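Work through the exercises below with the sequence and the model at hand. Each task is followed by a stepwise solution.

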Amino acid sequence: MVNEMKYLINIVILFAIGCGSEPNNTLERVVQPGTISVLELTDVSEVVAEKNAYRLSAGQSPLVPGIVCTLHLLPNSTINTPSNPPAAIATWTYEGEFNTSTDVTMILPPAIKALYTNWFMIRCSGQLVVTRSGYHMFSTESDDGSMLYINNSLVVNNDGQHSTQVASGMRLLERGVHAIRIDYFQATGQRALAIRDQDGAISSNRFYR
């Protein structure tokens, strides 16, 4: 009986030592607002590679970086972001962040950004890379109005003529690529627009078309 007890105690001790010495292979994902970590770059690249493999197998063109934006002039009686704006007067590809508190015209092509200061709308459409499944919080900070759509569903409603303010919304998203649309409306005064998720400003490397 004594020998059996010693045998059981030895097994428990060996099990405890084995558990305690097991290496921890979990990597903590830390992304500071406005920065792109090496881990995030790897995550985004993996998702895009998986999506492009599927698109190529289906005879579709691969996703490429950037998001397509259009500029629309608005009448000076506009009070909300129009769902069907006038015909676009310019179309371009934007490959930066939406993170400006002073002048949203930095999003415009250099040749025209000095020409338009008031009464216009910018609409940007493309794909957003999501690297982990779960609930995701999104927000816009804008002056004047802004609207954020994901998979054709309104997530953030920050519409209307107003000074800089923040509005938020949440969606359950699977790891992968999701359609995104950003509408921004400028009346007069300050021209601010920032698009964020729970990690901070959405990195430019997560926008594709």
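**Exercises on a strand and its flanking loops**

Asp144 sits in the loop that links strand E5 (134-143) to strand E6 (146-150). The model is a predicted one.

**Exercise 1.** Find the residue that a cis peptide bond joins to Asp144.

*Solution.* Most peptide bonds are trans. The bond joining Asp143 and Asp144 is cis, with omega about 10°.

**Exercise 2.** Determine which way the side chains of E6 point, and whether they are buried or exposed.

*Solution.* Start with the general pattern: side chains in a regular strand alternate between the two faces of the sheet. In E6, Ser146, Leu148 and Ile150 point one way, while Met147 and Tyr149 point the other way. Next, apply the cut-off: buried means under 20% relative accessible area. By that criterion 5 of the 5 residues of E6 are buried.

**Exercise 3.** Identify the strands that pair with E6 in the antiparallel sense over 5 bridges.

*Solution.* One partner is E7, antiparallel to E6 over 5 bridges; here Tyr149 stands opposite Leu154. Another is strand E9 (residues 176-186), also antiparallel over 5 bridges. In E9, Asp183 is the bridge partner of Met147.

**Exercise 4.** Examine phi and accessibility for Asn151 and Asn152.

*Solution.* The hairpin of E6 and E7 has 2 residues between the strands. Asn151 lies in this loop, as does Asn152. Most residues other than glycine have a negative phi. Asn151, however, has a positive phi of about 55°, and phi of Asn152 is near 65°. Asn151 has 39% relative accessibility, so it counts as partly exposed. Asn152 counts as exposed because its relative accessibility is 76%.

Technical notes:
Residues are numbered from 1 along each chain as its sequence is written. This is a predicted model: local features need pLDDT of at least 70, side-chain atom pairs count only at pLDDT 80 or more; totals for chains, interfaces and linings use all residues. Side-chain values use heavy atoms; hydrogens and water are left out. Helices (H or I, at least four residues) and strands (E, at least two) are DSSP runs, numbered from the N terminus. Buried means under 20% relative accessible area, exposed over 50%, partly exposed in between (1.4 Å probe, protein chains only). Two strands pair if DSSP finds at least two bridges between them.
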